[in-house]
Amino acid sequence: MVEPPKYFDRVLEFSGQELTIKQCYQGDVGCVVWDAALVLLKFLESDSFRSNRGNLEQKRVIELGAGTGAVGLAASLRGADVTVTDLEDFLPLMQLNIDTNKSHVKGTVTAKTLKWGASVADFMPPPDFILMSDCVYYLDAVDDLVKTLNDLSGPETEILCSYEERTIGQNLKSLDRFLKLVHEDFIVEEVPLDQQDPVYRSEDIHILTMKKT
Ligand SMILES: C[S@@+](CC[C@H](N)C(=O)[O-])C[C@H]1O[C@@H](n2cnc3c(N)ncnc32)[C@H](O)[C@@H]1O
């Protein structure tokens, strides 16, 4: 009997290249590319990002809750040295996507396990950027996620966090808790819609930037 396919492709135009992201037909939420990831990924090549932050060449980048690794991979196409992280179960998917796109990578990209709240000793010194898309949805994980943001951030680290507004389940409570905690430790600003990609943006998807106070 022929095995049914495990993966289906999402092809994204980025930086003049085609980024092919393998997504799983079956699995947990991290198995597909979420819309908030598309918005953050496209913001990385926007005029606003480039004029305010220069290019990403040789910048150290860590992506949290990377799932497929799409956003971190995109940063590596622009020359960054990236570590995509998630729970251990996602290592094979992140590695598959790194292998699939390796000919386009201008910087470097590595997949590692990082459970929020755990030691970040292996990821020091603090990176230039922390990327995270659609990671604020599970109330019990919010405090650990903010601990990891605090532990990984140095005075120069900029966090770019995208999330989609949702009112179902624990999403609203999780977002409220997340915003309360990050405002205690970081200067938080929202990227206005008109500074985002003209196509890949949406009223209900937000990009926050955060720096330690
Ligand atoms: C909704 S998915 C988003 C995936 C990807 N960032 C995107 O936007 O396409 C949330 C991701 O967070 C990861 N995650 C959830 N709890 C986590 C934890 N405690 N530590 C590390 N990663 C976690 C999940 O495994 C999943 O990949």
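This briefing describes the sheet, the helices packed on it, and the open and closed spaces of one protein structure. The model is predicted. Its seven-stranded sheet is open and has mixed pairing. The largest pocket holds about 590 Å³ of space, and the largest cavity has a volume of about 40 Å³.

**The sheet**

- The seven strands follow the order β5-β4-β3-β6-β7-β9-β8.
- Strands β5 (108-113) and β8 (186-190) stand at the edges with a single partner strand each, so one side of each has no neighbour in the sheet.
- On average, neighbouring strands of this sheet are turned by 20 degrees against each other, with direction ignored.
- As a general principle, the strands of a sheet pair through backbone hydrogen bonds, and the pairing is either parallel or antiparallel.

**Strand β9 and its partners**

- Strand β7 (residues 158-164) and strand β9 (residues 205-212) run antiparallel and are joined by six bridges.
- Between these two strands, Ile159 has Met210 of β9 as its bridge partner, and Ser162 has Ile207 of β9.
- Strand β8 also pairs with β9 in the antiparallel sense, here over five bridges.
- Met210 of β9 is the bridge partner of Val188 as well as of Ile159.
- Of the eight residues of β9, six are buried, so the strand is largely enclosed by the rest of the structure.

**Helices packed on the sheet**

- Helix α1 (residues 35-43) packs on the sheet and touches β6 (129-133), β7 and β9.
- The direction of α1 makes about 140 degrees with that of β7.
- How much of α1 is covered? Eight of its nine residues are buried, which leaves the helix mostly covered.
- The buried residues of α1 are Ala36, Ala37, Leu38, Val39, Leu40, Leu41, Lys42 and Phe43.
- Helix α4 (residues 91-101) also packs on the sheet, where it touches β4 (81-86) and β5.
- The direction of α4 makes about 170 degrees with that of β5.

**The largest pocket**

- The lining of the largest pocket consists of 29 residues.
- Which of these residues lie nearest its centre? They are Val29, Asp86, Trp116, Asp134 and Tyr137.
- The elements that contribute two or more residues to this lining are α3 (70-77) and α5 (139-152).
- By residue type, the lining of the pocket divides into 16 nonpolar, six polar and seven charged residues.

**The largest cavity**

- A search of the whole structure finds one cavity of 30 Å³ or more.
- The largest cavity is lined by Val136, Tyr163, Glu164, Glu165, Arg166, Asn171, Leu172 and Leu175.
- Strand β7 and helix α6 (171-185) each supply at least two residues of this lining.
- Which element gives the largest share? Helix α6 does, with three residues.
- The lining of the cavity divides into four nonpolar residues, one polar residue and three charged residues.

Definitions and conventions. Residues numbered from 1 in each chain as written. Predicted model: local features only at pLDDT ≥ 70, side-chain atom pairs only at ≥ 80, totals over all residues. Heavy atoms only, no water. 1 Å grid on protein atoms, 1.4 Å probe; cavity = no way out; pocket = protein on both sides within 12 Å on 5 of 7 lines; lining within 4 Å. Points joined across faces, edges and corners; volume = space filled by probe spheres on them. Helix = DSSP H or I, 4+ residues; strand = E, 2+ residues; numbered from the N terminus. Nonpolar A, V, L, I, M, F, W, Y, C, P; charged D, E, K, R; others polar. Pairing = 2+ DSSP bridges. Axes fitted to C-alpha atoms, helices over the stretch in contact; angles between N-to-C directions. Contact = heavy atoms within 4.5 Å. Buried < 20%, exposed > 50% of the residue type's maximum accessible area, 1.4 Å probe, protein only.
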